[in-house]
There are 2 protein chains.
Amino acid sequence: MDTQTRLLDHAETLARTRGFDGFSFADLALSTEIRKASVHYHFPAKADLSLALIARYRGVFLEKLHGISQAEPTAGARVLAFLDLYRAASDGGRSLCLCVALSVTQRALPDAARAELAAFHRDVTAWLEPVFRLAQADGSLRHVTDPRAEASAAMAQVEGAQIMARAARDATRFEAAIQSLVARVI
Amino acid sequence: MDTQTRLLDHAETLARTRGFDGFSFADLALSTEIRKASVHYHFPAKADLSLALIARYRGVFLEKLHGISQAEPTAGARVLAFLDLYRAASDGGRSLCLCVALSVTQRALPDAARAELAAFHRDVTAWLEPVFRLAQADGSLRHVTDPRAEASAAMAQVEGAQIMARAARDATRFEAAIQSLVARVI
DNA sequence: GTCTATACCTAGATAGAC
DNA sequence: GTCTATCTAGGTATAGAC
């Protein structure tokens with residue numbers, strides 16, 4: 001695997017477990033076993049790293065969503081698979097979705113990274129909305145009256161669930177927070 | 001107003017707008033117009049400040065919740081008032097509830113602060129659960145089947161809504177993310 | 001209680017050799 | 001592409017005068 005990819009992999013893990021401001025190029029250098037200056041060769045500034053991270057993450061995540069659409073015919077099954085994605089990202093409260101991890105970063109991200117982040121949110125809700133619309137048609141999820149509102153709400157709920165699990169370092173908090181959605185699946 | 005209180009007020013604002021790691025004692029000294037060393041006199045380490053902040057915040061927030069219970073007789077009205085609290089805390093995407101701001105902090109909080117944070121989450125969901133139970137009795141909120149699950153979900157939803165509004169610096173994201181809950185009020 | 005001054009450390013980033 | 005060495009800025013914290 002090339003150095004660039006290894007750096008992104010380790011940086012993603014660090015950003016998601018400690019927050020983007022919670023690791024330094026020194027930490028990244030340690031975990032990839034190269035020197036700090038070499039990290040700067042690949043990513044001159046941390047701002048460059050943030051952009052590369054979120055851009056890659058968005059592509060990979062969208063692929064997964066499309067995979068769900070192809071594998072699951074019903075809206076209920078798609079929502080459950082969506083929750084699986086975020087459950088995995090939460091990793092028992094040890095980790096956050098990269099999007100959440102960067103969203104809560106204090107230090108100003110470069111405009112390009114902020115735009116990627118906004119695009120990520122837009123893409124995910126844009127994927128969710130037709131899922132809830134499908135639910136109205138196939139009846140595999142109860143009480144859907146406004147697919148657009150449901151899409152926003154579901155995203156907020158999984159993001160909040162990750163935060164709660166992380167604060168308590170307790171995986172069951174995530175489950176408790178999404179239970180109301182799971183229970184609506186027929 | 002005494003210095004201690006002024007320090008806590010400014011520190012709370014800074015923590016909620018920039019994140020707890022996003023301000024330094026130097027920033028706090030600047031905004032309160034005393035010297036950095038004097039800040040250290042009141043709060044020897046930043047860990048002490050985190051604990052004082054969350055402990056005070058929990059008390060104040062619980063007071064507000066009790067106020068809602070007394071002022072609003074129906075479950076629907078209580079949920080709307082609860083949302084008002086978080087809408088105000090979000091301040092158009094410029095701010096976060098202190099609890100969220102500290103929950104997403106990268107740097108390890110002292111155990112006592114972590115315990116306060118967990119207690120805050122526990123207290124709020126403990127307040128929400130009987131509200132949803134009341135909804136089942138008074139019919140002022142649609143589709144409540146599991147008050148306990150609803151309490152967890154509502155908390156996740158408002159926390160996630162704050163994160164989304166903050167990431168986009170856009171107040172309408174908060175509204176969009178809680179719309180599904182608002183629409184359930186009769 | 002508040003101040004000036006300072007010590008210590010870490011993070012981000014660059015220079016220049018190999 | 002990777003290294004050693006170094007610079008600078010800023011954050012946390014303390015000493016000691018007033």
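How much area is buried between chain A and chain B, and what share of it do carbon and sulfur atoms give? The figure is about 2700 Å², and carbon and sulfur atoms give 62% of that. Before I go on, please keep in mind that this is a predicted model.

I'll stay with the protein interface for a moment. On the chain A side, 32 residues are in contact, and they meet 31 residues of chain B. How many salt bridges are there between chain A and chain B? The count is 0. As for polar contacts, the rule finds 3 residue pairs across the interface of chain A and chain B, with both residues at pLDDT 80 or more.

Which parts of chain A touch chain B? H7, helix H8 (147–168) and helix H9 (171–182) of chain A each supply at least two residues to that side. H8(A) gives the most, with 14 residues. By class, the side of chain A that touches chain B has 13 nonpolar, 12 polar and 7 charged residues.

Now the DNA, beginning with strand C. This strand is surrounded by 14 residues, and the closest are A:Lys46, B:Arg35, B:Ala37, B:Ser38 and B:His42. Of the strand C atoms that come within 4 Å of the protein, 57% are accounted for by sugar and phosphate.

Three individual contacts on strand C are worth going through. The side chain of B:Ser38 has a polar atom 2.7 Å from a phosphate oxygen of DNA strand C. A:Lys46 uses its backbone instead: a polar backbone atom there is 2.9 Å from a phosphate oxygen of the strand. A:His40 goes to a base, with an N or O atom of its side chain 3.1 Å from a base nitrogen of DNA strand C.

Which elements give two or more residues to the surface near DNA strand C? They are helix H3 (36–42) of chain A and helix H3 (36–42) of chain B. The largest share, 4 residues, comes from H3(B). The residues of that surface divide into 6 nonpolar, 5 polar and 3 charged.

On to strand D. Here again there are 14 residues around the strand, and those that come nearest are A:Arg35, A:Ala37, A:Ser38, A:His42 and B:Lys36. Sugar or phosphate makes up 52% of the strand D atoms within 4 Å of the protein, and the rest belong to bases.

Again, three contacts. A polar side-chain atom of A:Ser38 is 2.7 Å from a phosphate oxygen of DNA strand D. A:Thr3 has an N or O atom in its side chain at 3.0 Å from a phosphate oxygen of DNA strand D. From the other chain, B:Phe25 places a backbone N or O atom 3.3 Å from a phosphate oxygen of this strand.

The elements giving two or more residues to the surface near DNA strand D are H3 of chain A and H3 of chain B. On this strand H3(A) gives the most, with 4 residues. The classes come out at 6 nonpolar, 5 polar and 3 charged residues.

One last residue, A:Ala108. It sits in the loop between helix H6 (98–103) and helix H7 (111–138) of chain A. Is A:Ala108 buried or exposed? A:Ala108 counts as exposed, because its relative accessibility is 75% and the cut-off for exposed is over 50%. Its C-alpha atom is 16 Å from that of A:Ser24, and these two residues are 84 residues apart along the chain.

Note on methods
Residues are numbered from 1 along each chain as its sequence is written. Chains are lettered from A and ligands numbered from 1 in the order in which they are written. This is a predicted model: local features need pLDDT of at least 70, side-chain atom pairs count only at pLDDT 80 or more; totals for chains, interfaces and linings use all residues. Side-chain values use heavy atoms; hydrogens and water are left out. A residue is near a molecule or strand if one of its heavy atoms lies within 4 Å of it. A polar contact is a pair of N or O atoms within 3.5 Å; within protein, one must be able to donate a hydrogen and the other to accept it, and residues adjacent in sequence count only if both atoms are side-chain atoms. Ala, Val, Leu, Ile, Met, Phe, Trp, Tyr, Cys and Pro count as nonpolar, Asp, Glu, Lys and Arg as charged, and the others, Gly among them, as polar. Buried means under 20% relative accessible area, exposed over 50%, partly exposed in between (1.4 Å probe, protein chains only). Contact means heavy atoms within 4.5 Å. Buried area is the accessible area (1.4 Å probe) that two parts lose on being put together, summed over both. A salt bridge is a side-chain nitrogen of Lys or Arg within 4 Å of a carboxyl oxygen of Asp or Glu.
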